Amino acid sequence: MDFKHWKLDLDAEHIAWLWFDRAGTTTNTFSSEALRELGKVAEHVRAMPPRGLAILSSKDNGFAAGADIEEFTRIKDAAEAMAFTNLGNEVFDQIEALPFPTVAMVHGFCMGGGTELALACRYRVMDDGPKTRMGLPEVMIGIVPGWGGAKRLPPLIGAAAALDLMLTGRAVDARRARSLGMVDAVTPRRHFENAARRILMQPPPRSRPKLAAAVTNWPGVRNVVASQAAKQVAKRARRDHYPAPYAIIELWRDFGGDVRNVPPEHPASMASLAAHPTTKNLIRIFQLQDRLKALGKPGSDPANQATATPGSDPVRHAHVIGAGAMGGDIAAWCALRGITVTLQDLAPERIAPAIKRGAELYKKRLKQKHLVQGAMDRLVPDVAGNGVARADLVIEAIVENAEVKRKVFAQVEPRMKPTAILASNTSSIPLQELAGVLARPERLVGIHFFNPVAQMQLVEIVEGPQTSAEVMQAAQAFTRQIDKLPLPCKSAPGFLVNRVLSPYLNEAMLLLDEGVPPETIDAAAKDFGMPMGPVELADMVGLDICWAVGKELADADTPIPKLLQANVEAKNLGMKTGKGFYTWVKGKPVKADIGTGTVDLKALADRLVAPALNESVACMRERIVADADLVDVGMIFGTGFAPHRGGPIQTIRERGKQEWLKVLEDLKGRHGLRFEPDSGWSAL
Ligand code: NAI
């Protein structure tokens, strides 16, 4: 039989090998066509029948990435959503019902529908390589594991562990999958065929959860497990903002994990979730994240001319100057991602704390001793700056002072390889102010990381007036090399993220001056959907930094926040000094329970958010980034701006431009010219 997306071989031992090779793409995803074909394959092998069936992928990058998101976004109504869901279920049920042993051979990424197909097989073999991961990340795009994942995973590994994976969307490597009981064998990919053959020729007993895990599926225990899971979810997300995690719990508790049992009008149904604005926004953000990833590849994004240049070689050696809060962590992160890093500062004792933080990061992330040692070996203290001459990339992260930076640039540039790139991590100094001392200003670029480096995915790639397209492209490729998301920006004060964030933080500071308690301000922002309130955020970032950035970016119409100034003068700088607007104990702010029952949180949130939206519009007008989508994805990955709302520009679209203009005009009437709508609104 001939298939477009699948290839079937029968070997001498009568084992059938089914290769998934979705036509026309480098990644396997399940379109309806690919699913229908798999159904036909299942009928065909059932009629054969072989001694056993092994399912594997022809693609280098992995087994399967899940449902075809493009197709999912084209779904028009509830009926279509259910049809796509039912199709996947019927086909995977056919695989499960095959009357001979079946095994999935998983390498690379295996996500969503990929994992659900693997779970429909009787056995699973998993590659032990570092790039292999298996998970059910549907929750991250606002849906549930609806092709049998929520039905088959809990009985296999216990409901508590299964809910944890489904509710966080976290993917696991082979060791973890094995210890959870998700896979039957873990082996390097070169031994895949033998491992699968052994299982199919002599099928072992099927994997069962240990008693302690199995208990969590028992009827009496089920409600307790569900309510505990719901409590955990409630701490992180509200149902009106994020319905999917609540739907996953109900799907498992009340409907046996099978979406076909959920009535369409139920909030946990696939139809309800597919129609929810959060789902649409999360899917859009997921696709935009892919767009940022593609910016690391040349010629990939028509909106960005810089990408139309040839590919760049990976960075093998980076030299970082300045081992402070940022430079130290940037160096440690680059070494974690496999790059040799020399780290320079004025004295060895300034580098030592960065090396110590690096060791802690590696222990946490890499776990295995030899991998930790490998990363430590790549992170080399270098007070003399000998690494400059060997580096492909030099990143400057010294004090935020243009004069000092220029001095360092003038010393360093003549010692660099002519092909090397010079980058600054400056958060506010325009590159044109630094480029004057350079013989090759076209090789200077801003690579602006966010704090904390290990957690923040976004990196702004700042294009100065002289930066060459080739260097922009190389900086974007480097960002992907270290597994971060590059956002190309123009070199203007605050770039995108700090510029949009600054008026929002400033407004919070002015509300404090008016006597509004910090807890109330933070509650209003969280009610809007921010992951953390602005006062807590300011304390975390450091009030000295907020003060400096605020001064740099605020215009003449914006009053100076008095309490902020007083705190900075008193050296109450927030988390790092134990006291700011909050008192900090063990890394957490102590918040009074002030009860916000009578406060209009929505109006308060409008006052905080409207200036950020206004600034986003100004950034679009000035083309700080190429388009509205990049504003949204930049603010979400740079600051966590209410992901379920889809970012600032999407927030404007959803409530309506006219509505937001009314909000701004009203605030301007009451609080002054800082709320004057930007001239860019008319072009929006
Ligand atoms: P920091 O004060 O923690 O570290 C600066 C380090 O540079 C110090 O260890 C200092 O000894 C060293 N240094 C100064 N002059 C030097 C020289 N001539 N040669 C070698 N080392 C020298 O500062 P931080 O916070 O790490 O900031 C560094 C840069 O990163 C600044 O440009 C800042 O604007 C930017 N940035 C800071 C962020 C933050 O949240 N702290 C976020 C993003 C960017």
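## Close-up views of a predicted model

**Figure 1. Val103 and its partner across two strands.** In strand β7, the residue that bridges to Val103 is Tyr123. Before we look further, please keep in mind that this is a predicted model. Strand β7 covers residues 123–127, and its pairing with β5 is parallel, with 4 bridges. Val103 has a partner in another strand as well: Ala54 stands opposite Val103 of β5. Strand β3, residues 52–57, is joined to β5 by 3 bridges, and these two strands also run parallel.

**Figure 2. Strand β5 and its surroundings.** Is strand β5 buried or exposed? Strand β5 spans residues 102–106, and 5 of its 5 residues are buried, so the strand is largely enclosed by the rest of the structure. Now follow the side chains along the strand. Thr102, Ala104 and Val106 point one way from β5, while Val103 and Met105 point the other way. The residues on both sides of the strand are all buried.

**Figure 3. A salt bridge between two helices.** Here Arg152 and Glu96 form a salt bridge, with 3.0 Å between the closest N and O atoms. Arg152 belongs to helix α5 (residues 149–157) and Glu96 to helix α3 (residues 78–96), so this pair ties together parts that are 56 residues apart in sequence. Compare how much of each partner can be reached from outside. Arg152 is buried, at 8% relative accessibility, whereas Glu96 is partly exposed, with a relative accessible area of 40%.

**Figure 4. The network around Arg152 and Glu96.** Which residues are linked with Arg152 and Glu96 in a network of salt bridges? The other members are Asp93, Lys151, Asp258 and Arg260. For the wider picture, the structure holds 44 salt bridges.

**Figure 5. Arg170 meets Asp164.** This view shows a salt bridge between Arg170 and Asp164, whose closest N and O atoms are 3.3 Å apart. Arg170 is partly exposed, at 43% relative accessibility. Asp164 is partly exposed too, with a relative accessible area of 33%.

**Figure 6. A salt bridge within helix α17.** The side chains of Glu403 and Arg406 meet in a salt bridge, at 3.2 Å from N to O. Where do these two residues lie? Both are in helix α17 (residues 402–412), and they are 3 residues apart, which is about one turn of the helix. Arg406 is partly exposed, with a relative accessible area of 23%.

**Figure 7. A patch of positive charge.** On the surface, Lys131, Arg337, Lys364 and Arg365 gather in a patch of positive charge. Let us pick out one member. Lys364 sits in helix α15, which covers residues 348–366. With a relative accessible area of 64%, Lys364 is exposed, because the cut-off for that word is over 50%.

**Figure 8. Leu496 in a loop.** Leu496 is found in the loop between β17 (485–490) and α20 (497–513). Does being in this loop go with a buried or an exposed place for Leu496? Leu496 counts as buried, because its relative accessibility is 0% and buried means under 20%. Another leucine completes the view. Leu630 is 134 residues from Leu496 along the chain, and their C-alpha atoms are separated by 9.6 Å.

Definitions and conventions. Residues are numbered from 1 along each chain as its sequence is written. This is a predicted model: local features need pLDDT of at least 70, side-chain atom pairs count only at pLDDT 80 or more; totals for chains, interfaces and linings use all residues. Side-chain values use heavy atoms; hydrogens and water are left out. Patches are made of residues with over 30% relative accessible area and no salt bridge: like charges are joined within 9 Å, nonpolar side chains (Val, Leu, Ile, Met, Phe, Trp, Tyr) within 5 Å. Accessible areas come from the Shrake-Rupley method with a 1.4 Å probe; for residues, only the protein chains shown count as cover. A salt bridge is a side-chain nitrogen of Lys or Arg within 4 Å of a carboxyl oxygen of Asp or Glu. Lys and Arg count as positive and Asp and Glu as negative; His and the chain ends are not counted. The place of a charge is taken as NZ of Lys, CZ of Arg, CG of Asp or CD of Glu. Buried means under 20% relative accessible area, exposed over 50%, partly exposed in between (1.4 Å probe, protein chains only). Two strands pair if DSSP finds at least two bridges between them.
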